[in-house]
Amino acid sequence: MAGKKILMLVGDFTEEYEIFVFEQAMEAVGHTVHVVCPDKRAGDKIQTSLHDFEGHQTYTEKYGHLADINKTFSEVRPEDYDAVYCAGGRGPEYIRTDKRVQAMVRHFHETGKPIFTICHGVQILVAVDGVVKGKRVGALGACEPEVRLAGGTYVDLSPTEALVDGNMVSAKGWTALAAFMRECLKVLGTEVTHGAVQRAKAA
């Protein structure tokens, strides 16, 4: 099977793990991931964040590493991609208001291509009419009202679960990345098989 092309939508303070872990895992099995941010060019960087629950009523946010943008936003043609991925963290809060981002998401919705969303990533999807309507969706609990108001059914997943509803894969946050990526690969039609390990003989 030929590798697929995945469009990752990010912004400043997107969750670090949800960028790096997803990107590297998908590339490890032969897929191409283009990480894009409104008005950024290939070679630019964004500031990521690290979110965690440490006993407060809501999550904490700390500086993460800088993440590389590897595709110029203005050059993105959604029709060239097989799936879109909305990473979470704080980035979705502001990039979802960008009409160009909304148009990209609308393309994947209208063409029935896979849509992947984790944590706050669903904020991007609910900004586009119809994308989550009638869908069962997992996300950070704080996003439940938005999912419901957009016509979706919020599913309170465990921190390590992922949910598939048709062409959409969702999860609550970065602690679910293993399950989330496993389901994303299935939706993409990617099969990972394990064979016997061949050990080289010592000279």
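**Entry 1. Terms and the loop residue Thr97**

I take a residue as exposed when its relative accessible area is over 50%, and as buried when that area is under 20%. The model I am reading is a predicted one. I looked up Thr97 and found it in the loop between helix 2 and helix 3. Its relative accessible area is 55%, so I enter Thr97 as exposed. I also noted the separation of Thr97 from Ala28: their C-alpha atoms are 32 Å apart, with the two positions 69 residues apart along the chain.

**Entry 2. Helix 3**

I next turned to helix 3, residues 99–111. I asked whether its length is that of a regular helix or departs from it, by the rule of 1.5 Å a residue. The 13 residues should span 18 Å, and the end C-alpha atoms are 18 Å apart, so the two values agree. I then listed the buried residues of helix 3: Val101, Gln102, Met104, Val105, His107 and Phe108. Which elements do the buried residues of helix 3 pack against? I find strand 1 (5–9), strand 5 (83–86), helix 2 (91–95), strand 6 (115–118) and helix 4 (122–126). Just after helix 3, I recorded a positive phi of about 75° at Gly112.

**Entry 3. Lys113**

Lys113 sits in the loop between helix 3 and strand 6. Is this lysine buried or exposed? Its relative accessibility is 16%, and therefore I count Lys113 as buried. Setting aside neighbours within four places in sequence, I listed its contacts as Pro78, Glu79, Tyr81, Asp82, His107, Phe108 and Asn167. Two of these names, His107 and Phe108, I had already entered among the buried residues of helix 3. For a distance across the model, I took Lys113 and Gln198, whose C-alpha atoms are separated by 38 Å and which are 85 residues apart along the chain.

**Entry 4. Aromatic pairs around Phe22**

My search of the whole structure returned eight aromatic pairs. The rings of Phe22 and Tyr85 have centres 3.9 Å apart and planes at 25°, so I enter this pair as stacked. The pair joins distant parts of the chain, since Phe22 belongs to helix 1 (residues 16–28) and Tyr85 to strand 5, 63 residues apart. I found both Phe22 and Tyr85 buried. Phe22 has a further partner in Phe116, and this pair is tilted, with 6.5 Å from centre to centre and 55° between the planes. Because Phe22 lies in helix 1 and Phe116 in strand 6, this second pair ties together parts that are 94 residues apart in sequence. Phe116, like Phe22, is buried. Which residues do the ring pairs link into a cluster? I have Phe22, Tyr85, Phe116 and Phe180.

**Entry 5. Helix 6**

Phe180 led me to helix 6, where I list it among the buried residues. Helix 6 covers residues 177–188. With 12 residues, it reaches 16 Å from its first C-alpha to its last, close to the 16 Å expected at 1.5 Å a residue. Its buried residues are Leu177, Ala179, Phe180, Met181, Glu183, Cys184, Leu185 and Leu188. I noted that what covers them includes strand 1, helix 1, strand 5, strand 6, strand 9 (162–165) and strand 10 (168–171). Just after helix 6, Gly189 takes a positive phi of about 85°.

**Entry 6. Positive phi outside glycine**

I kept in mind that most residues other than glycine have a negative phi. I recorded two residues other than glycine with a positive value: Asp39, with phi near 65°, and Cys119, with phi near 55°. Asp39 is in the loop between strand 2 (32–36) and strand 3 (45–52). Its relative accessibility is 61%, so I count Asp39 as exposed. Cys119 lies in the loop between strand 6 and helix 4. Its relative accessible area is 11%, and therefore I enter Cys119 as buried.

**Entry 7. The largest pocket**

Last, I looked up the largest pocket and noted about 240 Å³ of space in it. I found 15 residues lining this pocket, of which Phe53, Leu140, Gly173, Trp174 and Thr175 are the closest to its centre. How is the lining of the largest pocket made up by class? I entered six nonpolar, five polar and four charged residues.

Key. Residues numbered from 1 in each chain as written. Predicted model: local features only at pLDDT ≥ 70, side-chain atom pairs only at ≥ 80, totals over all residues. Heavy atoms only, no water. 1 Å grid on protein atoms, 1.4 Å probe; cavity = no way out; pocket = protein on both sides within 12 Å on 5 of 7 lines; lining within 4 Å. Points joined across faces, edges and corners; volume = space filled by probe spheres on them. Nonpolar A, V, L, I, M, F, W, Y, C, P; charged D, E, K, R; others polar. Helix = DSSP H or I, 4+ residues; strand = E, 2+ residues; numbered from the N terminus. Expected span 1.5 Å × (residues − 1). Buried < 20%, exposed > 50% of the residue type's maximum accessible area, 1.4 Å probe, protein only. Contact = heavy atoms within 4.5 Å. Phe/Tyr/Trp six-rings, centres within 6.5 Å; stacked < 30°, edge-to-face > 60°.
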